[in-house]
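Biologist: Before we use any labels, I would like to hear the reasoning behind each of them.

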Amino acid sequence: MTKKQAIKRKVKEPEPTNEQSSVSEQSDNEEDEDLLQAVKDPGEDTTDDEGIDQEYQSDSSEDLEFESDAEGNYLGRKENNEAEDDAEEDDDDDDDEEEEEDDDSDEDNDDAAATSKEEKPSSSKTAAAQTKVEPSIQIIPRDSSKPEYEDSDTSDEEDIRNTVGNIPMHWYDEYKHIGYDWDAKKIVKPPKGDQIDDFLRKIEDPNFWRTVKDPQTGQEVLLTDEDIALIKRVNSGRIPNAEHDDYAPWIEWFTSEVEKMPIKNVPDHKRSFLPSVSEKKKVSRMVHALKMGWMKTSEEVEREKQQKRGPKFYMLWETDTGRESMRRIHDPVSAPKRDLPGHAESYNPPPEYLFDEKETKEWHKQKDEPYKRKLHFMPQKFKSLREVPAYSRYLRERFLRCLDLYLCPRAKRVKLNIDAEYLIPKLPSPRDLQPFPTVESLVYRGHTDLVRSVSVEPKGEYMASGSDDKTVKIWEIATGRCIRTIETNDVVRCVAWCPNAKLSIIAVATGSRLLLINPKVGDKLLIKKTDDLLAESPSLDVIDNERIKAAVQWSNAEPEEQEKGVRVVITHFKPIRQVTWHGRGDYLATVMPEGANRSALIHQLSKRRSQIPFSKSKGLIQCVLFHPVKPCFFVATQHNIRIYDLVKQELIKKLLTNSKWISGMSIHPKGDNLLVSTYDKKMLWFDLDLSTKPYQTMRLHRNAVRSVAFHLRYPLFASGSDDQAVIVSHGMVYNDLLQNPLIVPLKKLQTHEKRDDFGVLDVSWHPVQPWVFSTGADCTIRLYT
C-alpha cells in the first residue's frame, strides 16, 4: 500500500458530523473528486513524498482538499472551476454513489448548507483558522521559491526516484529499465541516440554543453549557472561557497600583547641557592683525567703545536724499504711473472716434445731471426738430473729480465664486466610499430613461368605483372581476378605503372622493345584521354643525331597490338633489363646492361624524344632511379652508385657500397635515404646527407637479395631474397637531422616455393595500404597484409 492510498483511506474513515454535514452536496462531491483525483492519478505527482514537512491541523467546515504540481509541491485547495469540472467528468460514477448516501444528511442540514455556500468564496485557509470543531487533515504548502532541501545537511532526504539503492548501475545495462520508482514500477530508459544525433544536438542546442546525464534515471539534467559556477570553483581549487571571504580579518582569540604582570609569582626554592651536585661530579672527573694524563691543559696543547711547526727529518733510504704508501708511485703495477716451465724444458721430456730432423733443420735456419722460433732452446733428454750441464744463456736471460722490469712501461687496466644484454641495442616492440604486413592474404595464380616484376596502380585498385611466359597480366587486387592478359613476343623483364594518376599507361620491357600499354581498366574518361594523348605524335623541330637514332626508335604499334592495348613501341638496340618512371609521369628511363656507354637512356613521353646522358661508360650499369623531389639521377653499377645533377649535368656524389654486385635500389619518399640490395646477401642503408659510405649494413637474408622497396606513406621497407623470404622492416626517418633513422626488422614472411635456386624476384608496396606484393619463381604473386 502506497502513502497516497493510506492518506485516502484515512480521509474516508471519519463519519460526517452535524457540523460537517452543513456543507452542501455539491461542495462534498467536488471535494471528494479533488481528493480522489490527487490521490489516484500518479501522473501529476511523480515525486517522492518523503522529506516533505507536513503539518496537520483541525478544520471544522471542510474535508481534506489538496493537489500537487509537477515538481511535487502541494498547492492547497483548488480555486479554479475548470479544474473542478475536469475532476467531475472523471469521477461521475463515484459522485452518484456518494449522492445517494448523503441524501438524508442534506435534507436535515439545508440551513447549514446555505450558510456554507455563502462562505465558499473565502479561501480554505481562512475557514480553517476561524472554525476549529473537529480535527481534520490540512497540508500547509511549501514555498516554491525556496529550495526544498536548503536547510538539510543529509543526502537521505533527497528526492531519489530510483529506489534500487547504492548499487553499480551497470547491472541494468542489459535491461530496458534502469530501476524502480516508489510505486514499484519500472523506470524505462530514455531512448539513446547515435553519434549523428549527438552531433546535431551539439550544433542546434545552445545548452548542449551544460547538459549532463543522471546515472540513476538516465534522464538529461540541465545545469544552471549556479551549478556551473560551483563546478568551476571546485576545479580551480577554491572554496565552493562564492560568498565566503577568503581575506576576512582574523579574529585574535588570544592576545598578542605581553602583559606586565607574571603568570606566577612563586618565590625561589631553597635548593636553588645550593651548589649543583651534578656539576661537582663532572669537575671531579675532569680533575682525575688531568692527573692521569688523559686530558691536556691548554699550555700543553700549545707546546705540542709549536713542536709540529719545527723542521722534519726523514731517513734517506727509507722510501725503498718502507710501505707502499711511502713510495713515489702510489699505485704501482706488479711485474708479470715468468711462465712456468713446461714439458719441453724438462731434463727427461716425452718423446713427442723432442725435435725431429725437419724441426731441427728449421730451428737452425731461423738463427738470424730467433724471434720467429717457437722455442728459444732445443729440448734435450738426459738420463738423470746430474748429467744436465750448466745453462749457457742463464746470465743473458737474467739481464734481459732485469731490463724488462726496469724499462718496459706497465699500465693498469680495469677489466670491465659487461653483460652481453647491455651491448645489444634496445629496440621497440613490434606491437608499438603497427601496422605492418603479418599474414599471407591472397595468392594470384595464372602465369606459367617465373614472375619477374610487379607494379601497382597509383590508386591501388589494379596490379600489373610480367613473366617469362611472354605475357603481361592485369589483376584486380581486391578479388584476385585476372582482368586482362596481354601477350608479347619476348620475355617480360620489367613492368612499371605510370605514377601519374591522370594517365593510364604501363611501361613493359620485353626483349629489346619498350611497350607503352593502355590497360583499359578504371575510369573510361581516363582511358579515352590516354588514347588521345598517345595517338598523336608531336612534330619535332630538333633532329636527333645518328648516335641516338642507332640506339632507339619510336613508332606506333601495329593494328594487331593496338587491339591488345599497345599504343607506342620504343625499339632499343639491346635487350632491356629495367624501366623506371619519373615522379611526374612524363619521363622514363631504361637500362640495357650490354649497351656499354649507351646503357642508360632517358625518354620523354610528351615529345617522344630520347636522350643518352652519358658519353663514357663508368661500368656495367645495373639499374637507374629518379630522385622523387630534386632533378637528380641515380645510376648503380656493379660496385658503386653515382648521383648526377640533370640540370647542371655533373656528378654530385659517389656512394661506395663495398659489395661485389648490386641487384637493385629504392629511394625514400623524402629523398634523403637510399636502400640498396646486393647479391652478396646484404642490404645497405645510405644517408645521403651523412656520408658516402653505408650508414647501416643489414644481413637479414641467407641468400642473394634481389629487390628492395620503400613504402610511400608508412615508415616501412621490404626486401625479397632467394631464400624464399620477404622481410618487412620498420624504417623511420625523422625531420630532425640530428636524429638517426630507426631501423627495426619486424616480420619474416616465407611462403614462396624454391624453383631452380630462385626464390623471391621482386617486391612492391601498395600505394595506400600497408600491404606488400611479392613475385617468385613459383609462378605466383602473393599479397601480405
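**Labels and their grounds**

Modeller: D356 is placed in the loop between α12 (318-321) and α13 (357-365), and the model in which we see this is a predicted one.

Biologist: Why is D356 called partly exposed?

Modeller: Its relative accessibility is 42%, and since buried means under 20% and exposed over 50%, a value in between is called partly exposed. D356 also belongs to a surface patch of negative charge, together with E357, E359 and E362.

Biologist: What makes R210 and D225 a salt bridge?

Modeller: The N to O distance between their side chains is 2.8 Å, and the cut-off is within 4 Å, so the pair qualifies. R210 lies in the loop between α8 (195-204) and β3 (211-213) and D225 in helix α9 (residues 225-235), so the bridge ties together parts 15 residues apart in sequence.

Biologist: How do you know that R782 and E440 form a salt bridge, and what is R782 called, buried or exposed?

Modeller: The side chains meet at 2.6 Å, N to O, which satisfies the limit of within 4 Å. R782 has 6% relative accessibility and therefore counts as buried, whereas E440, with a relative accessible area of 32%, is partly exposed. Salt bridges with shared partners join E440, D778 and R782 into one network.

Biologist: What makes the pairing of S719 and H701 a polar contact?

Modeller: A distance of 2.7 Å joins their side chains, set against a limit of within 3.5 Å. S719 sits in strand β28 (residues 716-721) and, because its relative accessible area is 1%, S719 is called buried.

Technical notes. Residues are numbered from 1 along each chain as its sequence is written. This is a predicted model: local features need pLDDT of at least 70, side-chain atom pairs count only at pLDDT 80 or more; totals for chains, interfaces and linings use all residues. Side-chain values use heavy atoms; hydrogens and water are left out. Patches are made of residues with over 30% relative accessible area and no salt bridge: like charges are joined within 9 Å, nonpolar side chains (Val, Leu, Ile, Met, Phe, Trp, Tyr) within 5 Å. Accessible areas come from the Shrake-Rupley method with a 1.4 Å probe; for residues, only the protein chains shown count as cover. Lys and Arg count as positive and Asp and Glu as negative; His and the chain ends are not counted. The place of a charge is taken as NZ of Lys, CZ of Arg, CG of Asp or CD of Glu. Helices (H or I, at least four residues) and strands (E, at least two) are DSSP runs, numbered from the N terminus. Buried means under 20% relative accessible area, exposed over 50%, partly exposed in between (1.4 Å probe, protein chains only). A polar contact is a pair of N or O atoms within 3.5 Å; within protein, one must be able to donate a hydrogen and the other to accept it, and residues adjacent in sequence count only if both atoms are side-chain atoms.
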